[in-house]
Structures are given as C-alpha cells and as structure tokens.
Amino acid sequence: MNAPIKKQRGITLVIALIMLTVLTTIAITVANMATVDLKVVANQQAAQQARAAAESGIDFLINNTAQLDALAPFSPVANPTEDFTHTLAVPSGENWSAVVTVQRMGDPLPCPRASLPMSIDNIDSTTIAKCVYFEMQSVGSSNKGATSTLTRGFYRKVGGFVSG
C-alpha cells in the first residue's frame with residue numbers, strides 16, 4: 001500500500017498553492033475596485049458642491065441687485081456707456097466658495113418686451129425703454145478642488161423711458 005503514496009510526489013501542495021494565488025488575486029482586485037468607486041463618488045460629490053456654489057453666486061447677485069448698483073466707482077444704470085466689469089466674492093459656506101464676474105455686453109438697446117413693466121402698453125410708440133445686457137459668470141469651487149462655471153445673462157433698464 002505504500003507504493004501509490006510515493007507516486008503522488010506533492011501534487012496536492014502545488015494545486016493548493018495555485019488556488020491560494022488565484023483567490024488572493026481576486027481579493028486584491030475586488031479591494032482595488034472598491035477604492036476606485038469611493039474616489040469616483042468623492043469626485044462627483046465635489047463637482048456637485050462646486051456647481052451648487054456657482055449657482056449660489058448667481059442667486060446671490062440676482063437676489064441682491066443693490067450690490068450691483070452700489071459697486072464703486074460706477075453704477076451701470078447711471079452711466080451705461082462706460083465699460084463695466086466687476087468681480088464680487090460671494091459669502092461662502094464651509095465647503096465651498098464662489099466668485100461672480102459681471103460684465104456689460106454692449107451699448108443700451110431697446111428693451112426686450114419681457115423685461116418691461118406691464119404698463120408698457122400705455123406708452124405711445126415714440127417712447128421706448130433702453131436696456132443694457134449684462135452677463136454674470138459665477139465660478140464655484142469646493143474644498144476638494146473641483147470647480148464649476150455658470151454663465152447667465154440679464155437686462156437692466158437704463159434711466160427710465162427715453163424718446164426713441
């Protein structure tokens with residue numbers, strides 16, 4: 001009975017080592033995939049924070065138009081023919097910040113109908129409102145280094161109604 005045992009010569013040990021190597025490789029691969037997934041989720045969260053910061057910059061300026069009027073040394077409504085570009089830091093949160101740049105985009109033109117008061121129908125056809133178009137560019141950033149840029153435009157009526 002001892003003869004068959006001598007012929008095996010340690011094949012079980014070789015098979016066990018191969019299986020151990022395969023299982024270890026699978027375990028390391030799964031652990032690396034989980035780490036990569038966590039990094040992807042963290043990057044997505046940082047990008048969402050940056051976009052929310054950029055949106056809050058736009059919202060801040062829209063809801064605080066007095067900020068635009070109070071910018072020294074020039075108010076775009078009082079003197080619409082001067083060049084106007086101003087950068088404003090928005091009050092930031094713990095994990096984000098935003099900077100909004102406002103730029104005048106051309107000379108005063110007749111206002112688009114949507115930006116006029118409802119009483120415009122009561123004005124004769126020789127009197128038109130002048131508006132200046134501005135663009136706001138808000139750059140939001142998260143504390144993880146992600147950034148997002150949003151651009152929005154708006155019209156401001158200049159100096160009341162003027163004769164056309």
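This passage describes the fold of one predicted chain, its long helix, its strands and its buried residues.

The model is predicted, and for this reason local features need pLDDT of at least 70 and side-chain atom pairs count only at pLDDT 80 or more, whereas totals for chains, interfaces and linings use all residues. Residues are numbered from 1 along each chain as its sequence is written, and side-chain values use heavy atoms, with hydrogens and water left out.

The secondary structure comes to three helices and five strands. Helices (H or I, at least four residues) and strands (E, at least two) are DSSP runs, numbered from the N terminus. In that direction the elements follow the order α-α-α-β-β-β-β-β. Helix α2 has 53 residues, and the distance from its first C-alpha to its last is 78 Å. This is close to the 78 Å expected at 1.5 Å a residue, the expected span being 1.5 Å times one less than the number of residues.

The chain has 164 residues, of which 23% are buried. Buried means under 20% relative accessible area, exposed means over 50%, and partly exposed lies in between (1.4 Å probe, protein chains only). About 11,200 Å² of the chain is exposed, and carbon and sulfur atoms supply 59% of this area; accessible areas come from the Shrake-Rupley method with a 1.4 Å probe, and for residues only the protein chains shown count as cover. Contact means heavy atoms within 4.5 Å. Of the contacts between residues at least 6 apart in sequence, 62% join residues at least 24 apart.

In α2, the residues Ala46, Ala50, Ala53, Ala54, Gly57, Ile58 and Leu61 are buried. Aspartate 59, also in helix α2, counts as partly exposed because its relative accessibility is 42%. The C-alpha atom of aspartate 59 lies 9.8 Å from that of serine 138, although the two residues are 79 apart in sequence.

Strands β1 and β2 pair in the antiparallel sense over six bridges, where pairing requires that DSSP finds at least two bridges between two strands. A hairpin of five residues joins β1 to β2. Across this pair, leucine 88 stands opposite valine 100, and valine 90 stands opposite alanine 98. Valine 90 belongs to strand β1 and counts as buried because its relative accessibility is 9%. Apart from neighbours within four places in sequence, valine 90 is in contact with Ser56, Gly57, Phe60, Ala98 and Val100. The C-alpha atoms of valine 90 and alanine 53 are 9.2 Å apart, with their positions 37 residues apart along the chain.

Serine 148 lies in strand β5. With a relative accessible area of 14%, serine 148 is therefore buried. Residues up to four places away in sequence aside, serine 148 touches Ala50, Arg51, Ala54, Ser138, Val139 and Gly140.

In soluble globular proteins, nonpolar side chains tend to be buried together. A nonpolar core is a set of buried Ala, Val, Leu, Ile, Met, Phe, Trp, Tyr and Cys residues joined through side-chain atoms within 4.5 Å. The largest such core here has 13 residues, and those with the most contacts inside it are Leu61, Val100, Val102, Phe134, Met136 and Phe154. At least two residues of this core come from each of α2 (11-63), β1 (85-90), β2 (96-104), β4 and β5.

Rings of Phe, Tyr and Trp (its six-membered ring) pair if their centres lie within 6.5 Å; planes under 30 degrees apart count as stacked, over 60 as edge-to-face and the rest as tilted. One aromatic pair is counted by this rule. The ring centres of phenylalanine 134 and phenylalanine 154 are 5.4 Å apart and their planes are at 15 degrees, so the pair is stacked. Phenylalanine 134 lies in strand β4 (residues 127-142) and phenylalanine 154 in strand β5 (residues 147-163), so that the pair links distant parts of the chain, 20 residues apart. Both phenylalanine 134 and phenylalanine 154 are buried.
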